[in-house]
Amino acid sequence: MIGSVALAVVAAASTAVASPLSLYRRTEPGTGTDNGFYYSFWTDGQGSVTYNNGPAGSYDVTWNNVNNFVAGKGWNPGAERVISYNGTWDAAAVNSYVSVYGWTRNPLIEYYIVEAFGSYNPSTGAQLLGTVESDGATYNIYKTQRVNQPSIEGTSTFDQFWSVRQQHRVGGTVTVKNHFDAWAKTGLQLGTHDYQILATEGYQSSGSATMEVFEG
Ligand SMILES: *[C@@H]1O[C@H](CO)[C@@H](O)[C@H](O)[C@H]1NC(C)=O
């Protein structure tokens with residue numbers, strides 16, 4: 001009740017603000033911190049993407065006719081943390097992924113622990129290097145290479161490490177250490193951690209997602 005009254009006063013005092021009652025705020029492409037979480041919102045600029053940071057580790061994103069975007073919330077630096085998340089993903093029929101996603105430097109690596117993918121399997125054409133059992137499922141391990149592609153260090157050539165969950169889900173716990181250890185055993189060495197987020201990605205598609213991530 002007290003909260004409602006206070007918010008009503010704010011609403012009356014700041015008519016220029018779109019909606020002070022909404023806890024989701026439109027956020028431009030880039031990186032930063034929001035409500036104690038790191039966020040990254042990257043788009044190659046084609047089509048439209050609306051990304052809103054929300055309370056704690058929550059965000060929502062709606063995209064239309066994009067080429068490629070990746071957005072989400074998490075931490076910087078990444079670590080062997082236990083990451084839980086929940087939400088809704090309205091893109092299961094189009095080209096989109098829900099993943100724990102991050103980067104390292106020295107070597108420059110882009111990594112994905114894919115919880116669910118839509119119409120396109122990101123491991124298509126890649127050689128299966130092994131599997132890892134984690135959090136109630138088997139994940140397939142792959143490595144791919146990107147040549148002269150966008151990265152946290154500008155346009156670069158780098159490897160991507162993948163764990164792809166055989167049984168898709170949207171929501172649960174990801175014990176990141178299990179993947180890092182399995183990758184290392186397979187010869188896939190990460191570098192110094194940069195950011196690590198619960199990412200929604202879209203490729204040549206339209207869709208939407210509302211996600212919330214937290215540690216533990
Ligand atoms: C995640 O789960 C919590 C607890 O059930 C719920 O309050 C919250 O709305 C959910 N977040 C999303 C993005 O669905």
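The following questions and answers concern a predicted model and the surroundings of some of its residues and of its ligand.

Reader: Which residues lie around the ligand?

Author: The model is a predicted one. Strand 7 (82-90) and strand 15 (207-215) each supply at least two residues of the shell around the ligand. The shell consists of N86, G87, T210, M211 and E212.

Reader: Which strand gives the most residues to the shell around the ligand?

Author: Two strands, strand 7 and strand 15, each supply at least two residues of this shell. The shell divides into 1 nonpolar, 3 polar and 1 charged residue. With 3 residues, the strand that gives the most is strand 15.

Reader: How far does a polar side-chain atom of E212 lie from a nitrogen atom of the ligand?

Author: E212 is one of the residues around the ligand, as is N86. A polar side-chain atom of N86 lies 2.4 Å from an oxygen atom of the ligand. For E212, the partner is a nitrogen atom of the ligand, and the distance is 2.9 Å.

Reader: What share of the accessible area that the ligand has on its own does the protein cover?

Author: The residues around the ligand include N86 and E212. On its own, the ligand has 360 Å² of accessible area. The share of this area that the protein covers is 40%.

Reader: Which residues touch the most other members of the largest nonpolar core?

Author: The largest nonpolar core holds 37 residues. Apart from it lies another core, of 16 residues, among them Y97, L108, Y112 and V114. In the largest core, the residues that touch the most other members are V61, W183, L198 and M211.

Reader: Is S99 buried or exposed?

Author: S99 is placed in strand 8 (residues 96-105). Not counting residues up to four places away in sequence, S99 touches Y112, I113, V114, E115, I197, L198 and A199. Because its relative accessible area is 2%, and the limit for this class is under 20%, S99 is buried.

Reader: Which residues does L198 touch, not counting residues up to four places away in sequence?

Author: L198 belongs to the largest nonpolar core, where it is among the residues that touch the most other members. One of its contacts is S99, a residue of strand 8. The full set is Y59, A71, G72, K73, Y85, V98, S99, V100, M211 and V213.

Reader: Where is G54 found, and what is its relative accessibility?

Author: G54 is found in the loop between strand 4 (48-53) and strand 5 (58-64). Leaving aside its neighbours within four places in sequence, G54 is in contact with L23, Y24, R25, D34, N35, Y59 and K73. G54 counts as buried because its relative accessibility is 0%.

Reader: How far does the backbone oxygen of G54 lie from a polar atom of the side chain of K73?

Author: K73 lies in strand 6 (residues 68-75) and is in contact with G54. A polar contact of 2.8 Å joins the side chain of K73 to that of D34. From the backbone oxygen of G54 to a polar atom of the K73 side chain, the distance is 2.7 Å.

Reader: What separates the C-alpha atoms of K73 and G216?

Author: K73 counts as buried, at 0% relative accessibility. Along the chain, K73 and G216 are 143 residues apart. Their C-alpha atoms are separated by 15 Å.

Reader: Which residue is joined to P107 by a cis peptide bond?

Author: P107 is found in the loop between strand 8 and strand 9 (109-117). A cis peptide bond also joins N76 and P77, with omega about 10°, and P77 lies in the loop between strand 6 and strand 7. In the case of P107, omega is about 0° and the residue joined to it is N106.

Reader: Is N106 buried or exposed?

Author: N106 is placed in the loop between strand 8 and strand 9. Its phi is positive, at about 50°, although N106 is not a glycine. The relative accessibility of N106 is 70%, and the limit for the class is over 50%, so N106 counts as exposed.

Reader: What is the value of phi of D135?

Author: D135 is placed in the loop between strand 10 (130-134) and strand 11 (137-149). At 25% relative accessibility, D135 counts as partly exposed. Its phi is positive in a residue other than glycine, with a value near 55°.

Notes
Residues are numbered from 1 along each chain as its sequence is written. This is a predicted model: local features need pLDDT of at least 70, side-chain atom pairs count only at pLDDT 80 or more; totals for chains, interfaces and linings use all residues. Side-chain values use heavy atoms; hydrogens and water are left out. Helices (H or I, at least four residues) and strands (E, at least two) are DSSP runs, numbered from the N terminus. Buried means under 20% relative accessible area, exposed over 50%, partly exposed in between (1.4 Å probe, protein chains only). Contact means heavy atoms within 4.5 Å. A residue is near a molecule or strand if one of its heavy atoms lies within 4 Å of it. A polar contact is a pair of N or O atoms within 3.5 Å; within protein, one must be able to donate a hydrogen and the other to accept it, and residues adjacent in sequence count only if both atoms are side-chain atoms. Accessible areas come from the Shrake-Rupley method with a 1.4 Å probe; for residues, only the protein chains shown count as cover. Ala, Val, Leu, Ile, Met, Phe, Trp, Tyr, Cys and Pro count as nonpolar, Asp, Glu, Lys and Arg as charged, and the others, Gly among them, as polar. A nonpolar core is a set of buried Ala, Val, Leu, Ile, Met, Phe, Trp, Tyr and Cys residues joined through side-chain atoms within 4.5 Å.
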